[in-house]
Amino acid sequence: PGWWAIILAAGGVSRMNFSDWMVLLLFGVGAILMRSAGCVINDMWDREFDQRVARTKNRPLASGEIGILQAFLFLCILLVLSLLILLRLNLVTILLGILSLPLIVLYPLMKRFTWWPQAFLGLTFNFGALMG
């Protein structure tokens, strides 16, 4: 969603300048980092549940291969790297990025409280369109 917004704002790929391409690159790296952070958060929330499910019992946290402190430290690294990218963008984008954090943290819990966790995930991912 962020890439589409950036390309549309630039007037299309053919009209993108170096700065637009750099923002596109920052959004790509930032998306990978934040989706990774979301996966770590999900595995932290679900580690006990994952131990009882054949498909997920071998995940690093569920299996005990890594501990919760190691996962938390890795999450912190991902978030700091993401913040460094975010701080290269304008104030509105920074504020929107900060506003998206509760959605990122709470999404893994939505499968416990609603029948439509993917709708919540859609809201979370589509913050990228607003930011772009």
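**Close-up views of a seven-helix predicted model**

**View A. A cation over an aromatic ring, arginine 35 and phenylalanine 125**. In this predicted model, the charged end of arginine 35 is placed over the ring of phenylalanine 125, at 4.0 Å from the ring centre. Phenylalanine 125 is the last residue of helix H6, which covers residues 117-125. Aromatic pairs, by contrast, are absent: a search of the whole structure returns zero of them.

**View B. The overall fold, as context for the close-ups.** The secondary structure of the protein consists of seven helices and zero strands, and the pattern read along the sequence is α-α-α-α-α-α-α. The C-alpha trace spans about 50 × 30 × 25 Å along its principal axes. The protein has 132 residues, of which 38% count as buried. Among contacts between residues at least 6 apart in sequence, 58% join residues that are at least 24 apart.

**View C. The buried and exposed sides of helix H6**. Pro117, Phe120, Leu121 and Thr124 are the buried residues of H6. Viewed down the helix axis, these buried residues fall within an arc of 100°, and they therefore line one face of H6. In an α-helix, residues three or four places apart point the same way, because there are 3.6 residues to each turn. The face turned away from the buried side carries the exposed residues Gln118 and Leu123. Which helices receive the buried residues of H6? Those residues pack against helix H5 (91-113) and helix H7 (127-131).

**View D. Leucine 121 of helix H6 and isoleucine 104**. Leucine 121 is located in H6. Its relative accessibility is 16%; because the limit for a buried residue is under 20%, leucine 121 counts as buried. Leucine 121 and isoleucine 104 are 17 residues apart in sequence, and their C-alpha atoms are 8.2 Å apart in space. Isoleucine 104 also belongs to the H5 side of the contact with H2, which is the subject of the next view.

**View E. The packing of helices H2 and H5**. The axes of H2 and H5 are 9 Å apart, and the two helices pack at an angle of about 35°. Is this crossing left-handed or right-handed? The crossing of H2 and H5 is right-handed. On the H2 side, the contact is made by Phe27, Met34, Gly38, Ile41, Asn42, Trp45 and Asp46. The H5 side contributes Thr93, Leu101, Ile104, Val105, Pro108, Leu109, Lys111 and Arg112.

**View F. Two buried aspartates of helix H2**. Aspartate 46 lies in H2, which comprises residues 18-50, and aspartate 50 lies in the helix as well. Aspartate 46 is buried, with a relative accessible area of 4%. Aspartate 50 is likewise buried, also with a relative accessible area of 4%. Which residues does aspartate 46 touch, leaving aside those up to four places away in sequence? Aspartate 46 touches Lys111 and Arg112, both of which are listed on the H5 side of the contact between H2 and H5. With residues up to four places away in sequence again not counted, aspartate 50 touches Asp43, Thr56, Lys57, Arg59 and Ala62.

**View G. Helix H1 and its end at alanine 10 and glycine 11**. Helix H1 covers residues 2-10, and its buried residues are Gly2, Ala5, Ile6, Ile7 and Ala10. These buried residues pack against H2 and H7. Alanine 10, found in H1, is buried with a relative accessible area of 17%. Not counting residues up to four places away in sequence, alanine 10 touches Arg15, Met16 and Asp20. Alanine 10 and tyrosine 107 are 97 residues apart along the chain, and their C-alpha atoms are separated by 31 Å. Glycine 11 follows H1 and has a positive phi, near 90°.

**View H. Isoleucine 98, a partly exposed residue of helix H5**. Isoleucine 98 is found in H5. Is isoleucine 98 buried or partly exposed? Isoleucine 98 is partly exposed, with a relative accessible area of 44%. Leucine 83 is 15 residues from isoleucine 98 in sequence, and the C-alpha atoms of this pair are 9.2 Å apart in space.

Notes. Residues are numbered from 1 along each chain as its sequence is written. This is a predicted model: local features need pLDDT of at least 70, side-chain atom pairs count only at pLDDT 80 or more; totals for chains, interfaces and linings use all residues. Side-chain values use heavy atoms; hydrogens and water are left out. Buried means under 20% relative accessible area, exposed over 50%, partly exposed in between (1.4 Å probe, protein chains only). Helices (H or I, at least four residues) and strands (E, at least two) are DSSP runs, numbered from the N terminus. The arc is that of the directions from the helix axis to the C-beta atoms. Contact means heavy atoms within 4.5 Å. Rings of Phe, Tyr and Trp (its six-membered ring) pair if their centres lie within 6.5 Å; planes under 30 degrees apart count as stacked, over 60 as edge-to-face and the rest as tilted. A charge sits over a ring if NZ of Lys or CZ of Arg is within 6 Å of the ring centre and within 35 degrees of the ring normal. Axes are lines fitted to C-alpha atoms, for helices over the stretch in contact, and angles run from 0 to 180 degrees between N-to-C directions. A crossing is left-handed if the near helix is turned anticlockwise from the far one by less than a right angle, and right-handed if clockwise.
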